Amino acid sequence: MKRGLYVGRFQPYHNGHKSVIERIADEVDELIIGIGSAEISHDLRHPFTAGERVLMISRALKDINIPVYIIPLEDVKRNALWVAHVKSMTPPFDIVYTGNPLVIELFREAGIRVTSPPMYRRETLSGTAIRARMIAGDAWEECVPSEVADVIREIHGIDRIQQIAKTD
Ligand SMILES: Nc1ncnc2c1ncn2[C@@H]1O[C@H](COP(=O)(O)OP(=O)(O)OP(=O)(O)O)[C@@H](O)[C@H]1O
Ligand SMILES: NC(=O)c1ccc[n+]([C@@H]2O[C@H](COP(=O)(O)O)[C@@H](O)[C@H]2O)c1
């Protein structure tokens, strides 16, 4: 039994994440998706709540045929304690998938195997680029699974991000 952990902020969950998860699902028996910075929402880098991100990801995973555990992970003030915090919140895992340099370093120091999946269409498929499109009123739907676009519409996510992008 091999269980993998994929950590990200998923603000929002997009087609780059989807392509990574499809590859991971071929390599592991079970997948844990850790939703990072779970306590942060309603700001320009983190517009969506943990619960909204759970909804986006769980609906978009309908074609993944291995067990998936979606676990919100709040940040902690001390990086040196973060891996222990993550382990306390998740089922045991054998491998971590991430491209984030700090996350790579912290798990490696803890003796846990880390793999960095290759980037997929990174020029358009990044949370930063997608949030910029949402704020500018440009097309963003093509960058995310249709189930994620549905959730963002249901929660009036574009109105939210455009409102918080205003200056007073
Ligand atoms: N297009 C992509 N292809 C493959 N992996 C990706 C892609 N975009 C992000 N990732 C990886 O997914 C994980 C979670 O990323 P994250 O949720 O921060 O998305 P992001 O697009 O990098 O967002 P942001 O621009 O807000 O930082 C990270 O390990 C990141 O390297
Ligand atoms: N000290 C901490 O709480 C700590 C340390 C490293 C990463 N993280 C989190 O891990 C997540 C990594 O996701 P990204 O790769 O999407 O940035 C982020 O939510 C980040 O805040 C938290």
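Reader: Where along the chain is F10 placed, and what is its phi?

Author: F10 is in the loop between β1 and α1; helices (DSSP H or I, at least four residues) and strands (DSSP E, at least two) are numbered from the N terminus. Its phi is near 50°, a positive value in a residue other than glycine. Most residues other than glycine have a negative phi, and most peptide bonds are trans.

Reader: And which peptide bond is cis, and how do you know?

Author: The bond joining Q11 and P12: its omega is about 0°. P12 is likewise placed in the loop between β1 and α1.

Reader: What kind of model is this, and what confidence does a feature need?

Author: It's a predicted model, in which local features need pLDDT of at least 70 and side-chain atom pairs count only at pLDDT 80 or more, while totals for chains, interfaces and linings use all residues. As for labels, residues count from 1 along each chain as its sequence is written, with chains lettered from A and ligands numbered from 1 in the order in which they are written.

Reader: What makes β3 and β5 edge strands?

Author: Each pairs on one side only, and a pair takes at least two DSSP bridges between two strands. The sheet is open, with five strands in the order β3-β2-β1-β4-β5 and parallel pairing. β3 covers 68-72 and β5 covers 113-115. On average, neighbouring strands are turned by 25° against each other, direction ignored.

Reader: How do you know that β1 and β2 count as a pair?

Author: They share six bridges in the parallel sense, and the cut-off is at least two, so they count as a pair. L5 stands opposite I32 in β2. Helix α2 (residues 50-60) packs on this sheet and touches β2 and β3; its direction makes about 165° with that of β3.

Reader: Why is α5 called roughly perpendicular to α7?

Author: Their axes cross at roughly 85° and come within 8 Å. Axes are lines fitted to C-alpha atoms, for helices over the stretch in contact, with angles from 0 to 180 degrees between N-to-C directions. Angles of 65 to 115 degrees count as roughly perpendicular, so α5 gets that label against α7.

Reader: Which residues make that contact?

Author: R131, M134 and I135 of α5 meet I158, I161 and Q162 of α7; contact means C-beta atoms, placed from the backbone, within 7 Å. By class that's four nonpolar, one polar and one charged. Nonpolar here is Ala, Val, Leu, Ile, Met, Phe, Trp, Tyr, Cys and Pro; charged is Asp, Glu, Lys and Arg; the others, Gly among them, are polar.

Reader: What makes α3 and α4 roughly perpendicular?

Author: They pack at about 75°, with axes 9 Å apart. That angle puts α3 roughly perpendicular to α4. N79, W82 and V83 of α3 and L102, L106 and F107 of α4 make the contact, which has five nonpolar residues, one polar and no charged.

Reader: How many residues are around ligand 2, and which come nearest?

Author: There are 14, and R9, G36, S37, D75 and N100 come nearest. To be near, a residue needs its C-beta atom, placed from the backbone, within 6 Å of the molecule or strand. β1 (3-8), α3 (79-89) and α4 (101-109) each give two or more residues to this shell, and α4 gives the most, three. By class there are six nonpolar, six polar and two charged residues.

Reader: And which residues come nearest to ligand 1?

Author: Of the 19 around it, G8, G16, G99, G127 and T128. α1 (15-27) and α5 each supply at least two residues, and α1 gives the most, with three. The shell has six nonpolar, 10 polar and three charged residues.

How values were computed: Angles under 35 degrees count as roughly parallel, over 145 as roughly antiparallel, 65 to 115 as roughly perpendicular and the rest as oblique. Two residues are in contact if their C-beta atoms, placed from the backbone, lie within 7 Å.
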